[in-house]
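Work through the two exercises below with the sequence and the model open side by side, and try each task before reading its solution.

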Amino acid sequence: MATGQTRVFSGVQPTGNLHLGNYLGAIRNWVDLQYRYECLYCVVDLHAITIFQEPKALRDSTREVAAGLIAAGIDPRRSILFNQSQVPAHAELAWVINCITRLGWLNRMTQFKDKAGKNREAVSSGLYVYPNLMAADILVYKATHVPVGEDQKQHLELTRDVAQKFNNDYGVNFFPEVEPLILGEATRVMSLRDGAKKMSKSDPSDYSRITMTDDADTIALKIRKAKTDPEPIPETAASLSGRPEAANLIGIYGALSGQSRDQVCAAFAGKGFAEFKNALADLCVEKLAPIAEEMRRLRQDPAYVDSVLREGAAKARALAEPILREVHDIVGFLRP
Ligand code: AMP
Ligand code: TRP
């Protein structure tokens, strides 16, 4: 690794409600990491506008997501929590990275293909270079470790390619090799309505996801309505293959209770899903309700949330600016 120290960076988009997939795939791990490493967590509003956002809704979602992160346990005294647009270095480095990344690399990005669908000619150019901005987010801090859900793996491979090409092109050993951290039993939480689709903020069905603001009754209802199959729970997780909805609920239970899928299967072996869903609903409520409660409280105090983001951004700028200045020197820009 080019640099000796561990620095953690991750981001989340302020587009709509945080959900259980965000929590289990990412945010929960962010909370654990802050006790061991220097961590930066970013609400990526620049990424959000790659698809048009109503300005008022964007401001609101930025505060909501920041409140969600704080409520979930991100401690602004330990971690640097901020929104991306307050740190101009992200967008500035992204330009340099636009000039490093090859079109061929971007053309392979599956998230772009999914988001653009058949409408490739009509989406924004920002959506296309989205992975370059993501690489800039990470590299502008020379972050070494990036905790994300499985869906971000390909973007992180591109980040590694960018870092390597920059180092090669300029004959330097400047950017580190970035390691993805894909942790836990639920790195890809699936929709509650369709085991072939990931749980996402943009799914039109509310019943597809549990959000971090759902109350106890809503959580229980959504889990009761979740799609399953009539087979009982097997003794080992290996026997869940071909049963994506069942595997998903077992994985969620495991992630929330700190058990492996095998342990969950062993505990419920032979039971039907009606019974299992009751236990899962109780567990979800136990883990999520306190977070929802704290989020509601923080939503009443936007001045506090804004002050956290402002102070976080000042700390982030102080880390990013010297690194960006070095990039300018390496590339050959004249200093002001
Ligand atoms: P996003 O909502 O796309 O900004 O994602 C924020 C973080 O949550 C990223 O690290 C994603 O990989 C993670 N994430 C999003 N959806 C899921 C999901 N369904 N399962 C697991 N992780 C997810
Ligand atoms: N692309 C990520 C997502 O949609 C969000 C993100 C932006 C990110 N920049 C990042 C994640 C940097 C990790 C590191 O989930």
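The exercises that follow concern a pocket and a ligand in this predicted model.

**Exercise 1.** Describe the largest pocket by its volume, its lining residues and the elements that contribute to the lining.

*Solution.* Begin with the volume, which is about 1,300 Å³ for the largest pocket. Next, locate the centre: 47 residues line this pocket, and those closest to its centre are Gln111, Lys115, Asp151, Gln152 and Lys198. Then turn to the elements, where two or more lining residues come from each of strand E1 (7-12), helix H1 (20-33), helix H2 (45-48), helix H6 (110-116), helix H8 (130-139) and strand E4 (145-147); H1 gives the most, with six residues. Finally, sort the lining by class, which yields 19 nonpolar, 18 polar and 10 charged residues.

**Exercise 2.** Place ligand 2 in the model and identify the side chains whose N or O atoms lie within 3.5 Å of its own N or O atoms.

*Solution.* First, ligand 2 sits in the largest pocket. Second, 13 residues surround ligand 2, the closest being Gln13, Tyr130, Met134, Asp137 and Gln152, and H8 supplies the largest share of this shell, four residues. Third, apply the cut-off: a nitrogen atom of ligand 2 is 2.6 Å from a side-chain N or O atom of Tyr130, a nitrogen atom of the ligand lies 3.1 Å from a polar side-chain atom of Gln152, and an oxygen atom of the ligand is 3.3 Å from a side-chain N or O atom of Gln13. As a last step, consider burial: ligand 2 taken alone exposes 370 Å², of which the protein buries 91%.

Definitions and conventions:
Residues numbered from 1 in each chain as written. Chains lettered and ligands numbered in written order. Predicted model: local features only at pLDDT ≥ 70, side-chain atom pairs only at ≥ 80, totals over all residues. Heavy atoms only, no water. 1 Å grid on protein atoms, 1.4 Å probe; cavity = no way out; pocket = protein on both sides within 12 Å on 5 of 7 lines; lining within 4 Å. Points joined across faces, edges and corners; volume = space filled by probe spheres on them. Nonpolar A, V, L, I, M, F, W, Y, C, P; charged D, E, K, R; others polar. Near = heavy atom within 4 Å. Polar contact = N/O pair within 3.5 Å; in protein donor to acceptor, adjacent residues only side chain to side chain. Areas by Shrake-Rupley, 256 points an atom, 1.4 Å probe, with all protein chains shown as cover. Sits in = over half its atoms within 2 Å of the grid points.
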